Protein chains: 2
Amino acid sequence: MADINVNAKTATPVSGLAGRPAGDSAPAELTWDIIELLFFAYRDFVGDPDEVLSKLAFGRAHHRVLHFVNRNPGMKVADLLDILNITKQSLGRVLKQMVDQGYVVQKEGAQDRRQRLLYVTPKGEVLALKLAGLQTARINRAFAELGPGAHEAARRFLTAMIDIDNREGVLRLIARADRAKARS
Amino acid sequence: MADINVNAKTATPVSGLAGRPAGDSAPAELTWDIIELLFFAYRDFVGDPDEVLSKLAFGRAHHRVLHFVNRNPGMKVADLLDILNITKQSLGRVLKQMVDQGYVVQKEGAQDRRQRLLYVTPKGEVLALKLAGLQTARINRAFAELGPGAHEAARRFLTAMIDIDNREGVLRLIARADRAKARS
DNA sequence: AAAATATGTCAATATGGCTGACATAAATGT
DNA sequence: ACATTTATGTCAGCCATATTGACATATTTT
C-alpha cells in the first residue's frame, strides 16, 4: 500500500541542484527529516495492530485500553484517563465493549470500594500479547539491522522527546509495569 | 496535563523487586519500553501543533495536508492521497477548507491539464513553518540533551521502523522535498 | 451530616475517517 | 474519430471516536 512517487514537474523549475552546503547548521534550521520519518514510522508502527484489530471490529482506541490495562493490572479508571488523555465519556463506550466481550474485567477496589480496578482476562491477555508481538517484531527487526546499541539509542531519543514534566512519570510507569508483568 | 501516577496497591502483591537480571535478552522478549516510549513521544510530538491548530479550528488532518503540500509544492492530489493513506472524499473536505481560507491553492497542470497541482500560499507557508518550528524545537531540545550523533541515530532508527517496501520511497520523498524547499 | 471523590450515564455535537455512485474534463489507445 | 482510461470532484449516508455539560450513585473524608 501507498507507493510514494511524487513527480511534480511543475511550473517552478528546479533551478540547479541548490542543495545546502554539507554540514550546514543555520540558526533556524528545521529538522524536516525527523519530522517526516516520525510520521511514517509511527504510521507503520500502528498499522500492524490495526489490521488485526479491524478483523475484530475494534479500533485503535480499544488497543490503547487493552495495552495499558494489560501492562498495569489493577489500574484505576482515572489512571487510564490520564494516560490516554481522553474524557471518561469517550473511554466509557470503548471500555464497556471490551468488558461485554470478555477482554477486560472490573473489580471493586479492596481499600476503596468506589474504584473499579481494571484487569485483562486471559482472552484479553492473548490479544494484548499478540498485538505487542507484532510491534516487537518490527522493533526487533529494526534493532537487528542497526546493530548493538540501537535499543539504548532509541530509548534515549524517545525519552528525550517526551515533555520534560511528564518524563519521570512515564519512566516510572514503564518500570512499574515491567515489575507487574514480571510476576505473572 | 496528564500527570501519570498509577498507584495500584492491588490484591496482587508486588512480590519483591522481581526486575529482570540486567543485560537479559530472552528469546520472545517483548520490547515494551520502546512500544510505550513511542506512544508517549508521538503523543507529545503532535501535541504542540495540535494546540495551535485548535485555535484556528483546524485538526491534525489539516496539519498533514499543509505539511506535505508545503514540503512538496506542485504535488498532485493523487500523491497526497497515497502519502496520507486516505480516500479522496476524506481529503476533499479538509482540502476545500484550506483552499477556501487561503492556505492552499490549486493550479492546473501545465503538461496534463486534468491535474490540480497543490501549492501553499504565503499565508499557508507561515502556518506550516510555525508548526514545523514547534516540532523542530522539541527535536532539537532532545538532540541537545543527547549530544552529537543523536540526530544520525534517530534518523537511522526511524528509517528502520518504516515498512521495508516503502522505505526507499519515503527517503526519496524527503530528499526531493529538501531540494524543492531549498530553491524557495 | 456535609463535602469531596470515583465512577457511570444521558444527550447533543464535531471531526475525520469510510463506501458507493456518479460527473466532468482531458489524455491515451485503437 | 471514437472509446477508454485517468485525475479529480462531489453527493449522500454511515461509523468511530472524540468533545461538553448535566446529573446520578456509592463511598470516603472531613
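**Reading a DNA surface and two helix packings**

Mentor: The residues of the surface near DNA strand C divide into four nonpolar, ten polar and ten charged. Keep in mind that this model is predicted.

Trainee: Which residues come nearest to DNA strand C?

Mentor: Look at both protein chains. There are 24 residues around the strand, and those that come nearest are A:Lys88, A:Arg114, B:Arg64, B:Thr87 and B:Arg93.

Trainee: What share of the strand's atoms within 4 Å of the protein is sugar and phosphate?

Mentor: For DNA strand C, sugar and phosphate make up 53% of those atoms.

Trainee: Now single contacts. Which part of DNA strand C does A:Arg114 meet?

Mentor: Check the atom at each end. A polar side-chain atom of A:Arg114 sits 2.5 Å from a base oxygen of the strand. Chain B offers backbone atoms to phosphate oxygens. For B:Gly59, a polar backbone atom is 3.5 Å from one. For B:Gln111, the distance is 3.4 Å.

Trainee: Which elements give two or more residues to this surface near DNA strand C?

Mentor: In chain A, they are helix H3 (77-84) and helix H4 (88-100). In chain B, they are helix H2 (60-71) and helix H4 (88-100). H2(B) gives the most, with four residues.

Trainee: Turn to packing. At what angle do H2(A) and H3(A) cross?

Mentor: Read angle and axis distance together. Helix H2 (residues 60-71) of chain A crosses H3(A) at roughly 125 degrees, and the axes come within 11 Å. Between the perpendicular range, 65 to 115, and the antiparallel one, over 145, an angle counts as oblique. H2(A) and H3(A) are therefore oblique to each other. Their crossing is right-handed.

Trainee: Which residues make the contact?

Mentor: H2(A) supplies A:Arg64, A:Val65, A:Phe68 and A:Val69. H3(A) supplies A:Leu80, A:Ile83 and A:Leu84. By class, this contact has six nonpolar residues, no polar and one charged.

Trainee: How do H6(A) and H5(B) pack between the chains?

Mentor: Use the same steps. Helix H6 (residues 150-161) of chain A meets helix H5 (residues 122-146) of chain B at about 130 degrees, with axes 8 Å apart. That angle makes H6(A) oblique to H5(B). This crossing, too, is right-handed.

Trainee: Which residues of H6(A) and H5(B) meet?

Mentor: From H6(A), they are A:Arg156, A:Phe157, A:Ala160 and A:Met161. From H5(B), they are B:Arg138, B:Ile139, B:Ala142, B:Phe143, B:Glu145 and B:Leu146. The split is seven nonpolar, no polar and three charged.

Methods: Residues numbered from 1 in each chain as written. Chains lettered and ligands numbered in written order. Predicted model: local features only at pLDDT ≥ 70, side-chain atom pairs only at ≥ 80, totals over all residues. Heavy atoms only, no water. Axes fitted to C-alpha atoms, helices over the stretch in contact; angles between N-to-C directions. Parallel < 35°, antiparallel > 145°, perpendicular 65-115°, else oblique. Left-handed = near helix turned anticlockwise from the far one by under 90°. Contact = heavy atoms within 4.5 Å. Nonpolar A, V, L, I, M, F, W, Y, C, P; charged D, E, K, R; others polar. Near = heavy atom within 4 Å. Polar contact = N/O pair within 3.5 Å; in protein donor to acceptor, adjacent residues only side chain to side chain.
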